[in-house]
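Student: Please take a close look at one part of this model for me. I would like the nonpolar residues, both on the surface and inside.

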Amino acid sequence: MSYTTQTPPITGGIMSLPRRAVGWLDDRGKPAWIAAMVLGFIFVWPVGLAILAYVIWSKRMFNRSCRSSAARMSWGATRVYNSSGNTAFDAYKAETLRRLEDEQAAFEGFLQRLREAKDKSEFDSFMEDRSRKARAEDEAPRSDN
């Protein structure tokens, strides 16, 4: 007698049909989601709107594929930090990644300082224009009749 550690799929309940529909659409990819959305808009527009909101909220529209992108992204992220077995290469890789992270942080700091300088110059220009207009209004002759 063999035992499995997997839990059986949920076959009943109120959420069974939506789960199966999402799984079916995910297996077929983005074109299936787009077709379902278009058909939803054609026949019952709130359904199309709900599908559009779900697709955007769940970020299914912006991934390369619906089901396998999460697995692919997690595989790539762990692969970068796994050991290759060669200690010299691993040390070089770690040093290069650290250097790139430092350069990225320095560049982001530079961009932040650049944005702050631009904001300051725009604000100073605004204040100068405002004070110039206030002086012009004060110096303008007033006609009190």
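Tutor: Start at the surface of this predicted model. Ile34, Val38, Leu39, Ile42, Phe43, Val44 and Val47 form a nonpolar patch there. Together they have about 660 Å² of accessible area. Helix 2 provides the largest share of the patch, 5 residues. Val44 sits in the loop between helix 2 and helix 3. Val44 is partly exposed, at 43% relative accessible area.

Now go inside. The largest nonpolar core has 7 residues in all: Leu25, Ala32, Trp33, Ala36, Met37, Ile51 and Val55. Helix 2 (30-43) and helix 3 (45-57) each supply at least two of them. Helix 2 gives the most, with 4 residues.

Trp33, one of the core residues, also takes part in aromatic contacts. A search of the whole structure finds 4 aromatic pairs. In one of them, the ring centres of Trp33 and Tyr54 are 5.7 Å apart. Their planes meet at 35°, so the pair counts as tilted; stacked would need under 30 degrees, edge-to-face over 60. Trp33 lies in helix 2 and Tyr54 in helix 3, so the pair ties together parts 21 residues apart in sequence.

The two partners are covered to unlike degrees. Trp33 has a relative accessible area of 4%, so it is buried, the cut-off being under 20%. Tyr54 has 27% and is partly exposed. Trp57 joins the picture too: Trp33, Tyr54 and Trp57 form one aromatic cluster.

Methods: Residues numbered from 1 in each chain as written. Predicted model: local features only at pLDDT ≥ 70, side-chain atom pairs only at ≥ 80, totals over all residues. Heavy atoms only, no water. Core = buried A, V, L, I, M, F, W, Y, C linked by side-chain atoms within 4.5 Å. Buried < 20%, exposed > 50% of the residue type's maximum accessible area, 1.4 Å probe, protein only. Helix = DSSP H or I, 4+ residues; strand = E, 2+ residues; numbered from the N terminus. Phe/Tyr/Trp six-rings, centres within 6.5 Å; stacked < 30°, edge-to-face > 60°. Patch = residues over 30% accessible without salt bridge, like charges linked within 9 Å, V, L, I, M, F, W, Y side chains within 5 Å. Areas by Shrake-Rupley, 256 points an atom, 1.4 Å probe, with all protein chains shown as cover. Salt bridge = Lys/Arg side-chain N within 4 Å of Asp/Glu carboxyl O.
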